[in-house]
Structure formats: C-alpha cells, structure tokens
Amino acid sequence: MTAAGSAYAATEAAWRRDPEAWWAAAAEGISWDRRWDRVFDPAEGPYGRWFPGARLNTSYNCLDRHVAAGRGDQPALIWDSAMEGRVETFTYAGLRDRVAKVAGALAALGVRTGDRVAIYMPMVPEAAIAMLACARLGAIHSVVFGGFAAAELAARIADARPRVIVAASCGLEPGRTVAYKPLLDAALALSPHQPEACLILQRDALAAALTPGRDHDFRAAEAAAAPHDPVPVAATDPLYILYTSGTTGKPKGIVRDNGGHAVALWHSMRMIYGIDAGEVFWTASDVGWVVGHSYIVYAPLLRGATSVMYEGKPVGTPDAGAFWRVIAQHKPKVLFTAPTALRAIKQQDPDGALIARHDLSSFEALYLAGERCDPPTALWAAEKLARPVVDHWWQTETGWPITAGFRGLGLFPFKPGSGGRPSPGYDLHALDDNGAVLPRGQTGNLSLRLPLPPGCAPTLWGDEAGYRRAYLADFPGWYRSGDAGSIDADGDVWVMGRTDDIINVAGHRLSTGAMEEVLAAHPDVAECAVIGAADALKGQVPLGLVVLKAGANRIEADVAAELVALVRERIGPVAAFKDARVVKRLPKTRSGKILRATIRALADGQTPVVPATIEDPAALDEVGAVLRG
Ligand code: COA
Ligand code: AMP
C-alpha cells in the first residue's frame, strides 16, 4: 500500500494539523485521576512537559482497570523460561494481586512516592512485578541489566540513591549460573550510597546468603505484606530512571514520566504494532533495556494485551527453533526482537528447516530494533517467515519508536536497510552540521524538531544541564539523536550509524569511551583506543588497541588477557570485549586526535581515506599490520 493511500497519511496529517488535540485524543485511552490543566506546557523543563496538572497511576492503568473492565481472567503475562523448562501464566487479576502485595512489601520497607528502587534481576516475572509495584507506589524504579558488572551497578546505585534494592539470587545463562547476589554485595561495597534494605528473590538454581538486618526474602516479604492500593501521582512525576551509555564512562539516567509515557505507549500498541486488548504480543529482549521496559512490561499491559516474557536465547536453548516453539505455544501475533537474534538463528538454521516444524499460524509480523537490520538478514527473514519484517528505529531516550512500519495504519514500506517512516508525533529531519535542514536523500544528523512527543525523556536524572548539553545544545530548537542518516524521496528513513563513540553489540548499547577508561587504568597502558569493529553475528564488537608505557617489559599476550579480564570485571560480560592488541603507537592527527574512524575502516578490511591532517602515515600502516596479523 502506498503512503498516500494509507491511514498513515491521514494520521500523520491529523497530528501535524493540531498536535495537542491529537495527543489529547490519544490520552482518552488512559484512566486519569485528574485531567490535565494543559495538554502541553512549553515553559516547563528543557523543552516543555506533557499533561501538567493531570494525575494517574501507571500500575492501575496496566492492571486494575482491565480487571474492572472484565479482563481479570485473561492472561496478562506468560512467562516462558527455556532455562527452567517451564511456563507460568499470570491473569490480569493474578498479576494485580501479586503487584499489590509486593507494593505492600516495599511500603513496609519504607518505600514512598518519589523514592527510588533499584531492580537487578534476570528475566523472571518478579522483575516485571517489582517494576509495577514501584509504579503502584509512585516510587521510581531503576532497572539494571544483569549482564553489567558490580562497578556499573554501583555507579547506578550511587547516582539514583535507591531506598531499597530488589534483586535475585541468580540468573541463568546457557552453561552457567550467574550469581547475582555476590555482584550486588560487591556493588554495595563500592557504592557511597547504601540502601536501607534489599529484597532478594531466591531462585531454585542457587540460593543466596542474606545479610541479616539488611536483606529480606522476597517471597516471605510478599506473603506477609498487605496489598497496597495504587497511589495517584502527577503525570509529570518520574516513573523510572533507566541508565544508558553516553559518550563518557558515566552512564546517563534517562527519566521517563508517568502521564506522557502511558499515553504514548498505549497509543503505539495499536498504531505501530496493530495490537489491541486481548491479543498476544511477544518482545524477546530483556527487562534491563528500554525495549523490555516499554514492550515487555508497560505497553502491552497498558493496552490490555497479553505479553510473553521469555527467559532464554534465540539459539542453544535448546536450538535455533526456540523462537518458533514459543510462537507456536503462546500464539503471539507479533514478535519484536533484535536483528542479532535473527542472525544467530540464520547462522545455525540457514534454510529455516526449524521454522517449518512449528505452527506459526498466529504470527503476523516481525518487528526488529536495537541496531540497524542488515539487508541480507531482513531478506532472509522475509523469505523464510513469509511475513512483513519491520525494522524500526528508536532509543532509550525516546521510549517508543521514532520510525517504524505501521500494522495499525496499513503501511509496511519494506525496504531492507531502512528503518521505515517517522511515527506520527515525531518531526524528523536530517540536519547539516550547522543545523540547516538537508534536502531528501542527503545524509546528516537525524534530529527531531522540539517538542519531543509524550513518552520521550523530559530530562536526565539530577542533570537537566546535562540533558540540554547532550541533546539540545548543538541545534537550538531540535533534539539531536546522535544517529546519522537520511530520509529518501518516499519519506523512508535510513539510519546509518552513530555520530559519537557509542557502539551496538548484539543490540546492546555500549560506550567505547567507558571501555577506554578501563583500559587506561591498567598500570602498563600509556594510551588506548577502542573501536566498534564489524561482526557477522553481533553487528559490532569492541576492539581495543593499546600502547604500553615505556619500560613496561611485559609479554603482549599477557597484557591483552589482563585487559579483557578487566573490562569484563569493570563493565561486565555484556561488553563482549575479547580482543585487545598492543601497538607501538596510535595514528593521530597533527593536533593529537586519535583517528578512530580510520582505524575502524582498517579493522573492517576497507581501504580508509587517510586524512590530510595525519601526523605520521607510518603509524597507520603499523596498526594495519597488527590488525591483519
Ligand atoms: N546476565 C548475566 N550475563 C549475561 C546476561 C545477563 N542477563 N546477558 C548476557 N550475558 C552474558 C552472556 O552470558 C555472555 O557471556 P560470555 O561472554 O560468558 O559468553 C555475554 O554476556 C555476552 O552476551 P550476548 O551479547 O548476549 O552474547 P551471546 O553470545 O551470549 O548471545 C545472541 C548472542 C545473539 C544470541 C544474544 O546476544 C541475543 O539474543 N541478543 C538479543 C539482544 C537483545 O535482545 N537486545 C535488546 C535490544 S532489542
Ligand atoms: P538504545 O538506547 O539501547 O535503544 O540504543 C539506541 C541506538 O541503537 C540508536 O541511537 C541507534 O544507534 C541504534 N538503533 C536502535 N534501533 C535501530 C534501528 N532500527 N536502526 C538503526 N539503528 C538502531
């Protein structure tokens, strides 16, 4: 279907005509305790705030109101653990009751509206329950992905200053049990801030030792608690903080508010994914990422749909048919995952033989995000699955897709390599480095004209100046996404890569700057550079080049092994940092800037364009020899 003939064009035009009226209409999908004074107030915050004056509770909107509307017996959450080999289904009434009790347990530990609660858990239903329990109290959760090391957890605890931490005894990765509790203890030993209490979910695979006086057993606390009612909060109050990689080693605390988030996510479920109340939706990601926050937990529940939560991998649990087994068993209409997962499946089952073994009759569309989907993978998926394959682009900051294909609006512009068309609500353009709008087809800084729509981060936690600096300062009146790309003649968007030092490893957003800080801390390292090298499975993997200090009389392989261990210890296994190489010197410009883009091109086997400003071309040749060797 062409854009001109689709509901997309009409919807986009309606939003452009009167954005506030359009969002006010969308807001009718949410139950408010008090309606807004204004739909949008441009005077508040870095670029304005949505729905000031309104009050609501997000957990009530996710759970209680669906029970009241007769959906109490409908599954809200289906937890499928390939790791434990079992499935647990929670109805809306059942989930509401558990969330109310866990909210009661948190309240009994002193958690009140506005307090922070850190959540460090694997893909267990209690992670979602803890998030919703915080939302019920008006407390602000900060979920930390389990693949991060103690030091990263400590940095997040120090910044968010949680009153309580909810964690599990362990996570289950193929072939190993990850003991979470010792990581939490190590993080608390590093953190200047200490929580008043920790609530620990003991999993069967590994019980954790509890620290008397501080640690409480999750299940016992839940059992003993009185159910807690939802506490209405201001629409502009924070619902959560989610830390993400920026250009420095210090992660940025992305803030999400309650009101705009509920409106945007509720609305996106039908407009983008074409999912309504009563339908099944599956996002194969992790609750530790924004994709998990938005599309495992909040959006499907706000809509009254059924969300599948999967603990397992696309391959190896037990095979490359795992995703198709889950679809056949739970019957989602839409699967949302990262391209890297598909590449892993394609690598092991190139002919799609395992696809044919499962009943995929429920399945209507595949949505991909987290990194750009390379065209061969998109084409493979489209051919083998014979369903629309939609690559859609967004960020932790925006909370919901900036560009997409729209099942709800009859528009699937399948152009492998493109991220689809802007979602109504976002005014997207490519800008040149002076902030001028570029004509169609030209590549520039993908930027959003302010204001950002509801659901996007209004600020950074405790750092409004940092928000302005990171996103708003370069192009006044615009939000700079940090991605480069273009918009073609049809209006489809091509996102080609970051303009900063953020890399995407298996759909995980990581900062090479943070890894450089770790390498530079090694006693034998004089200077270093980390780049994202192309990788057939993970999209990118980090590669570290280090120059040793004069007089460091070390075997190079030993230093490299120490550096790999150091990144794993400081940042975590998720960094997938496995390649460090010693070089005599790093290629630089005459002003002393390391030529990272040139090194990256070399690492990817390309012939780089050598900048005229290079200090000594021989340094580049030397690095090339090390990379080839
Ligand atoms: N807790 C502890 N460790 C974790 C973890 C968690 N929650 N998640 C990942 N790790 C570890 C892995 O065990 C692995 O450790 P290893 O170095 O000892 O093998 C390391 O972190 C890297 O993990 P990952 O990047 O996931 O690589 P993998 O080789 O285990 O699996 C894929 C490759 C493609 C199967 C996997 O990356 C995948 O499914 N990715 C989907 C990504 C995704 O959902 N992204 C979210 C955005 S949509
Ligand atoms: P995160 O904040 O972890 O969701 O990562 C956001 C970043 O991942 C974006 O700024 C992009 O660089 C990249 N990204 C996510 N989805 C896509 C996509 N569909 N196409 C291209 N890049 C993407």
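## Cysteines

In this predicted model, Cys170 is buried, its relative accessible area being 0%. The structure as a whole holds zero disulfides, and Cys170 accordingly takes part in none, the nearest cysteine sulfur being that of Cys198, 16 Å away.

Cys456 is likewise buried, with a relative accessible area of 3%. Its sulfur has its closest cysteine counterpart in Cys62, but because the two sulfur atoms are 18 Å apart, they are too far from one another for a bond.

## Nonpolar cores

In soluble globular proteins, nonpolar side chains tend to be buried together. Here the largest nonpolar core has 115 residues, and the members with the most contacts inside it are Trp23, Phe51 and Tyr298. Among the elements of secondary structure, helix α5, which covers residues 125-137, gives the most to this core, contributing 10 residues. A second core, separate from this one, consists of 45 residues, including Phe148, Val505, Ala514 and Ala575.

The surroundings of Phe51 can be listed in detail. Once its neighbours within four places in sequence are left aside, Phe51 is in contact with Trp23, Ala27, Trp32, Trp36, Arg38 and Val39, as well as with Ala235, Gly259, Gly260, Val263 and Pro454.

## The site of ligand 2

Ligand 2 is surrounded by 15 residues, of which the closest are Asp391, Thr396, Asp483, Arg498 and Arg509. Two of these residues supply polar side-chain atoms to the ligand: one such atom of Asp391 lies 2.8 Å from a nitrogen atom of ligand 2, while one of Arg509 lies 2.7 Å from an oxygen atom of ligand 2. The backbone also takes part, since a polar backbone atom of Arg372 is 3.4 Å from a nitrogen atom of ligand 2.

Taken alone, ligand 2 exposes 490 Å², and the protein buries 94% of that area.

## Ala320 in its loop

Ala320 is found in the loop that runs between strand β17 (306-311) and helix α11 (322-330). With a relative accessibility of 3%, Ala320 counts as buried, because the cut-off for that class is under 20%.

Not counting residues up to four places away in sequence, Ala320 touches Pro314, Val315, Ile345, Gln348, Asp349 and Leu354. One of these partners, Ile345, is 25 residues from Ala320 in sequence, whereas the C-alpha atoms of Ala320 and Ile345 are 5.1 Å apart in space.

Conventions. Residues are numbered from 1 along each chain as its sequence is written. Chains are lettered from A and ligands numbered from 1 in the order in which they are written. This is a predicted model: local features need pLDDT of at least 70, side-chain atom pairs count only at pLDDT 80 or more; totals for chains, interfaces and linings use all residues. Side-chain values use heavy atoms; hydrogens and water are left out. A disulfide is a pair of cysteine sulfur atoms within 2.5 Å. Buried means under 20% relative accessible area, exposed over 50%, partly exposed in between (1.4 Å probe, protein chains only). A nonpolar core is a set of buried Ala, Val, Leu, Ile, Met, Phe, Trp, Tyr and Cys residues joined through side-chain atoms within 4.5 Å. Helices (H or I, at least four residues) and strands (E, at least two) are DSSP runs, numbered from the N terminus. Contact means heavy atoms within 4.5 Å. A residue is near a molecule or strand if one of its heavy atoms lies within 4 Å of it. A polar contact is a pair of N or O atoms within 3.5 Å; within protein, one must be able to donate a hydrogen and the other to accept it, and residues adjacent in sequence count only if both atoms are side-chain atoms. Accessible areas come from the Shrake-Rupley method with a 1.4 Å probe; for residues, only the protein chains shown count as cover.
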